[in-house]
Amino acid sequence: MSQFRTFDVCIVGSGAGGGMAAYALTRAGADVIVLEAGGPWDNTRDSAMFDWPYDAPHRGGSTRDRPFGEFDACIGGWEVDGEPYTTALGSRFRWWRARMVGGRTNHWGRISLRFGPDDFRRKTLDGLGDDWPITYDDVKPYYDKVDRLIGIFGSEEHLPNAPDGIFQPPPRPRCWELLVKQAADRLNITCIPSRLSILTRPLNGRPACHYCDQCSRGCRTNSNFSSTNVLVAPALATGKLTLRTNAMAREVTVGADGLATGVTYIDKARGTEEHVRARVVVVAASALSSARILLNSHSPQFPQGLANGSGTVGRYITDTTGTDVAGFIPRLMHHVPHNEDGVGGAHLYMPWWLDNATLDFPRGYHIEIWGGLRVPSAGFMGGIQRYPSGGGYGTQLKDDYRRLYGTTIGFSGRGEMIPNDQSYCELDPTVVDRWGIPVLRFHWQWTDHETRQVKHMQETFRALVAEMGGEVFSPMPAAERGFGISTGGSIIHELGGTRMGNDPASSVVNGYGQAHEVKNLFVADGGPFVSQADKNPTWTILALAWRASDRIMELRRAGQL
Ligand SMILES: Cc1cc2nc3c(=O)[nH]c(=O)nc-3n(C[C@H](O)[C@H](O)[C@H](O)COP(=O)(O)OP(=O)(O)OC[C@H]3O[C@@H](n4cnc5c(N)ncnc54)[C@H](O)[C@@H]3O)c2cc1C
Ligand code: SF4
């Protein structure tokens with residue numbers, strides 16, 4: 001009878017941010033309800049980790065709610081039935097949304113990078129964007145806690161702005177990765193073991209990875225991180241968590257005193273509107289969904305939307321910059337068959353290694369690498385005719401598959417975008433979703449900062465392929481095409497929209513994710529990020545969500561919430 005009960009905390013969303021908050025708050029003794037728009041999922045039961053590619057009903061092809069292939073663990077995609085979004089004239093933006101317990105952590109790449117000290121004070125360093133109101137030292141204890149709870153492998157490198165964590169041993173590089181490492185060394189590009197939240201040693205009751213390389217399908221042995229089984233399941237085990245699935249939050253409600261009173265949501269199964277009461281509300285529906293919920297929570301007290309007196313809800317949004325280059329590496333032909341098993345991701349990566357003083361763009365990027373001899377999936381080696389003497393029919397084609405499989409190595413740049421005034425989201429004035437809730441409309445523009453950075457990525461990746469004696473498959477993209485820069489949103493690292501700051505006139509929440517205007521409202525996803533950094537964001541989302549949860553408990557104990 002949750003509608004007659006008042007919970008200590010109502011959390012919206014069960015992904016990285018919501019799952020972490022549910023874990024920390026229930027462990028601290030709070031009565032918590034999580035509203036999750038998607039359905040239930042348990043990777044130890046529902047994952048297709050052990051299935052053969054040829055057992056897939058559609059040979060592994062994409063489906064509407066599994067765009068990365070029908071065995072992929074994540075239900076959601078670029079289009080979600082009944083939940084449209086729009087883009088303003090002249091803007092291109094793609095928005096990937098998960099709809100299931102655990103959100104996107106069910107198939108994320110598990111690249112788990114801490115932001116460095118410089119990432120929290122970029123304006124001080126180069127005058128662009130803004131500084132965070134907190135420093136690396138504020139977040140470090142929480143990164144440490146996340147490392148210890150969830151588990152991460154990596155190596156101690158003592159790099160100034162890519163801090164080491166509490167690492168388990170990394171897996172050894174494979175043949176193709178050693179080739180990349182040699183080329184990177186010759187070009188003076190830092191190349192080190194990856195930092196992935198996959199266990200190489202047992203931890204907290206979870207066994208080590210057995211190197212099946214199928215992380216994107218979800219891990220039946222629970223050896224990699226998903227919010228679902230590493231955070232939400234233990235939170236449920238405390239008996240303090242009520243998990244309401246298929247519950248689509250519409251708005252945060254407020255009382256006459258201007259404080260949040262709970263959340264109104266749609267019970268998707270019954271099509272009814274419900275309300276849950278709570279003393280504290282945490283929105284963690286993913287950065288842009290949380291901005292949408294706040295914009296839709298307008299009332300006479302908050303006519304622009306909740307916590308939006310500054311008018312900055314939906315502003316300062318960013319995505320990671322990206323571009324890819326792949327090449328054919330003849331030295332990898334005619335390989336001696338050998339075991340290339342590994343974790344579901346590359347064993348090496350390249351953190352940002354240069355000094356911007358010598359470059360024509362600000363900020364940096366890291367490089368993710370791909371290649372190798374993983375279990376072939378449906379459609380593998382598509383485009384074989386692009387390889388020298390590849391293609392044809394019958395026996396020759398089969399021989400070419402054997403000869404050429406594993407000879408491709410690719411590089412993906414993942415860089416920092418600086419927030420700009422032309423990139424933001426707002427409520428579309430006319431379009432609503434299937435429940436009548438106004439949807440987001442996106443405005444998006446890359447600037448020269450980002451396109452120059454991507455040009456540098458392209459040049460670097462081409463140099464790496466050449467250094468390995470390879471041939472790149474595609475010509476250098478033209479300047480008019482932004483040198484091959486990804487469409488906004490498509491790297492799926494969208495951040496901002498409820499940014500943190502000390503000044504309520506230019507920010508939505510304070511350094512703890514607590515709304516300036518509504519003291520019992522917190523944001524615990526990527527919304528409060530002030531800047532993007534050249535790192536993937538999720539490890540920082542987890543650390544900040546844990547920090548916000550500790551703050552909630554501290555304020556409640558002090559009688560201030
Ligand atoms: C293919 C892919 C690879 C990625 N790789 C990496 C990586 O290697 N490293 C990295 O750091 N990041 C990676 N990411 C990004 C990472 O997944 C996200 O940063 C992270 O999951 C964000 O956590 P979140 O809690 O903010 O949102 P999510 O994980 O998206 O969770 C949000 C949850 O809220 C629910 N929700 C939304 N709206 C509502 C509503 N109105 N009411 C109720 N519930 C709602 C959703 O259903 C969802 O379950 C990747 C993402 C994808 C898709
Ligand atoms: S590679 Fe390891 S962590 Fe990933 S699904 Fe297989 S066993 Fe699990």
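## Nonpolar cores

In this predicted model, the largest nonpolar core brings together 121 residues, and within that set Met350 and Phe411 touch the most other members. The helix α10 makes the largest contribution to this core, supplying 11 residues. Another core lies apart from it and is made of 10 residues, including Leu113, Leu196, Cys215 and Tyr349.

In soluble globular proteins, nonpolar side chains tend to be buried together.

## The surroundings of ligand 1

Around ligand 1 there are 36 residues, of which Glu36, Arg104, Gly109, Ala249 and Thr538 come nearest. Sorted by class, this shell holds 18 nonpolar residues, together with 13 polar and 5 charged ones.

Several elements each provide at least two residues of the shell, namely α1 (16-27), β8 (247-254), α7 (287-296) and α10 (538-557). Among the contributors to the shell, the strand β8 gives the most, with 3 residues. The helix α10 thus appears in both settings, as a supplier of the shell around ligand 1 and as the source of the largest share of the largest nonpolar core.

## Polar contacts and cover

Three of the nearest residues also place a polar atom 2.8 Å from a nitrogen atom of ligand 1: for Gly109 this is a backbone N or O atom, for Ala249 again a backbone N or O atom, and for Thr538 a polar side-chain atom. Taken on its own, ligand 1 has 1000 Å² of accessible area, and the protein covers 94% of that area.

How values were computed:
Residues are numbered from 1 along each chain as its sequence is written. Chains are lettered from A and ligands numbered from 1 in the order in which they are written. This is a predicted model: local features need pLDDT of at least 70, side-chain atom pairs count only at pLDDT 80 or more; totals for chains, interfaces and linings use all residues. Side-chain values use heavy atoms; hydrogens and water are left out. A residue is near a molecule or strand if one of its heavy atoms lies within 4 Å of it. A polar contact is a pair of N or O atoms within 3.5 Å; within protein, one must be able to donate a hydrogen and the other to accept it, and residues adjacent in sequence count only if both atoms are side-chain atoms. Accessible areas come from the Shrake-Rupley method with a 1.4 Å probe; for residues, only the protein chains shown count as cover. Helices (H or I, at least four residues) and strands (E, at least two) are DSSP runs, numbered from the N terminus. Ala, Val, Leu, Ile, Met, Phe, Trp, Tyr, Cys and Pro count as nonpolar, Asp, Glu, Lys and Arg as charged, and the others, Gly among them, as polar. A nonpolar core is a set of buried Ala, Val, Leu, Ile, Met, Phe, Trp, Tyr and Cys residues joined through side-chain atoms within 4.5 Å. Buried means under 20% relative accessible area, exposed over 50%, partly exposed in between (1.4 Å probe, protein chains only).
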